[in-house]
Amino acid sequence: MTTATYNPAHTPPASTGWKAYQKILFRFFFIYFLVQVLPLDWKFYRDLFAINWLHLQYADIFNIAHYTPSFFAGQTRFADWAIFLGIAAAGTVIWSYLDKKNQYSTNYDALYYWLRVLLRYRLAIALLAYGFIKFFPLQSPPPSLSNLNTPYGDFTEWKLFSLSLGIVPGYETFLGLVEIIAALLLLYRKTTTLGAFIVLAFTGNVFMSNLAYGGGEAVYSFYLVLIALFLFAYDVPKLTNLLAFGRPTAPNNYRPSFTRPRLRYARLALKAFVVLFFGVIYGAQTYAAIQHDPYQYPAAPGLAGAQGLYNVREFRYNHQTLPYSDIDPVRWQDVVFEKWNTLSIRSNRPVVIDSTNVDSIYTADEDRSFELQGSAARHYYSYQADTVHQLLVLQNRNPHHRTEQWLLHYERPNDSTLILSGANQAKDSVYVVLDRVHKKYLLEEVTKKGRSRSIKL
């Protein structure tokens, strides 16, 4: 490919040095990435106008950065890519026909440059969005009390992976730092290849992890890997010539010439906007979130002084006393009150597992389902506490069990005992006596005393 300068004030000349098959491949990838990167989906603008820009939250910025077009309901899938490939193939045929008829001249060097600019910024924005929620460890939080009292075998692979990352926040911060550094390298043209190489190694591992552990971001992570691969391929011939064959190699130094001041200012303004909006503002808001409102768990406080694990000393169901049993689908085995307004009940009643596993940031507590996703053996309820009349209104939080509700009266004869009595929506009555278990957890003890100290439980 030849070195050239591009003056936007004039009609660009047709490129020289491009072989016929290179032009065909470029047309295909140009259309393909353009359709995938540009927000052509009307739903993007619907969501954009739904944002309260006077009270912008980091969830809004994350959702903008995480956008991918989709032709089907629900999360993005590889089936969407088949449509993108079809559009790119049809566009390539039409473009090749017009080019062959010489109806217009195409400067492929200029188009290649601007496509790389578009992909650089798209990839950088995605990396910043994920980098900050890892750098300030929000994406994978420490296990909840309910998680710590759930048998290992009752978690899905994805949940085990996420909880394992959550117990080492320092490592999660390091992973976020890698993504942020890669994003900054992509924002500078001369370090694009280095940034793309980091993405290939890092996000490639994320893609494989999603496949291995059943994560919900396999399509999106592979999308980022493809962008990085396209950017990295730009310098592969030069790197091969230099490193493998030891030959003198000149860099790819095509760059447009911004002769008009307004074009130079527009370029600087766009770069400044990306850094300010997706870097400074988003980074500041994620830092504030880790201090005050981590998004994976509900923010509403639970019943004061009730947090803890409770054994079920007595259990009556429809006025019939049921003895303790590991296999009884009705009798409760233990109950956990979180510090937020979640109550979880362990029993042998089957749980339809919520395996959404897609990274989403929600501001409403009812949408924050991380604690129950990928987990069996426990049913999770959000509750509203009426402390005047000592009532708890329980709502099953699992989307597969939304119809289950309980209205329970509670008594607290002492600091270690809770008595619950009431009925569910089917009028099945329950009377439960709970005894608090004073249990130590290794994670908490290590946090208090440090990893170098001997720990006794």
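**Loop at Asn318**

Strands here are DSSP runs of E with at least two residues, helices are DSSP runs of H or I with at least four, and both are numbered from the N terminus. I used these labels to place Asn318, which sits in the loop that joins β3 (308-317) to β4 (320-321). The model I am reading is predicted. I checked the backbone of Asn318 and found a positive phi of about 50°, although the residue is not a glycine. I then looked up the cover on Asn318: its relative accessible area is 36%. Buried ends at 20% and exposed begins over 50%, so Asn318 is entered as partly exposed.

**Loop at Lys427**

I made the corresponding check on Lys427. Lys427 is not a glycine, yet its phi is positive, at about 70°. Its loop runs between β10 (417-424) and β11 (429-437). I noted Lys427 as exposed because its relative accessible area is 69%.

**Loop at His401**

Is His401 buried or exposed? I found a relative accessible area of 13%, so His401 is buried. His401 belongs to the loop between β8 (391-396) and β9 (405-414). I listed its contacts, leaving out residues up to four places away in sequence: Pro350, Val351, Val352, His379 and Asn396.

**Nonpolar cores**

I turned to the interior next. The largest nonpolar core holds 67 residues, and the ones with the most contacts inside it are Phe26, Leu119, Leu123, Ile133, Phe278, Tyr282 and Ile361. I went through the elements that give it two or more residues: α1 (20-37), α3 (58-65), α4 (78-100), α5 (108-135), α8 (169-186), α9 (192-213), α10 (218-233) and α12 (261-292). Helix α5 supplies the largest share, 18 residues. I also logged a second, separate core of 23 residues, with Phe315, Ile345, Tyr383 and Leu418 among them. As a general note, nonpolar side chains tend to be buried together in soluble globular proteins.

**Helix α1 and Phe26**

I looked at α1 by itself. It has 18 residues and spans 26 Å from first C-alpha to last, close to the 26 Å expected at 1.5 Å a residue. Which residues of α1 are buried? I read off Lys23, Phe26, Arg27, Phe30, Ile31, Tyr32, Phe33, Val35, Gln36 and Val37. Lys23, Arg27 and Gln36 are in this buried set along with Phe26. The cover over the buried residues of α1 includes α4, α5 and α10. For Phe26 I set aside neighbours within four places in sequence; the contacts that remain are Trp18, Trp95, Tyr108, Leu111, Tyr112 and Leu115.

**Surface patch on α12**

Last, I looked up a nonpolar patch on the surface. Val275, Leu276, Val280 and Ile281 make up this patch, about 300 Å² in area. I placed Leu276 in helix α12, and Ile281 is in helix α12 as well. Leu276 has a relative accessible area of 46%, so I entered it as partly exposed. Ile281 is also partly exposed, at 31% relative accessibility. I checked what Ile281 touches, again without residues up to four places away in sequence, and got Ile61 and Leu276. How far apart are Ile281 and Gln57 in space? C-alpha to C-alpha I have 9.4 Å, for a pair 224 residues apart in sequence.

Notes:
Residues are numbered from 1 along each chain as its sequence is written. This is a predicted model: local features need pLDDT of at least 70, side-chain atom pairs count only at pLDDT 80 or more; totals for chains, interfaces and linings use all residues. Side-chain values use heavy atoms; hydrogens and water are left out. A nonpolar core is a set of buried Ala, Val, Leu, Ile, Met, Phe, Trp, Tyr and Cys residues joined through side-chain atoms within 4.5 Å. Buried means under 20% relative accessible area, exposed over 50%, partly exposed in between (1.4 Å probe, protein chains only). Contact means heavy atoms within 4.5 Å. The expected span of a helix is 1.5 Å times one less than its number of residues. Patches are made of residues with over 30% relative accessible area and no salt bridge: like charges are joined within 9 Å, nonpolar side chains (Val, Leu, Ile, Met, Phe, Trp, Tyr) within 5 Å. Accessible areas come from the Shrake-Rupley method with a 1.4 Å probe; for residues, only the protein chains shown count as cover. A salt bridge is a side-chain nitrogen of Lys or Arg within 4 Å of a carboxyl oxygen of Asp or Glu.
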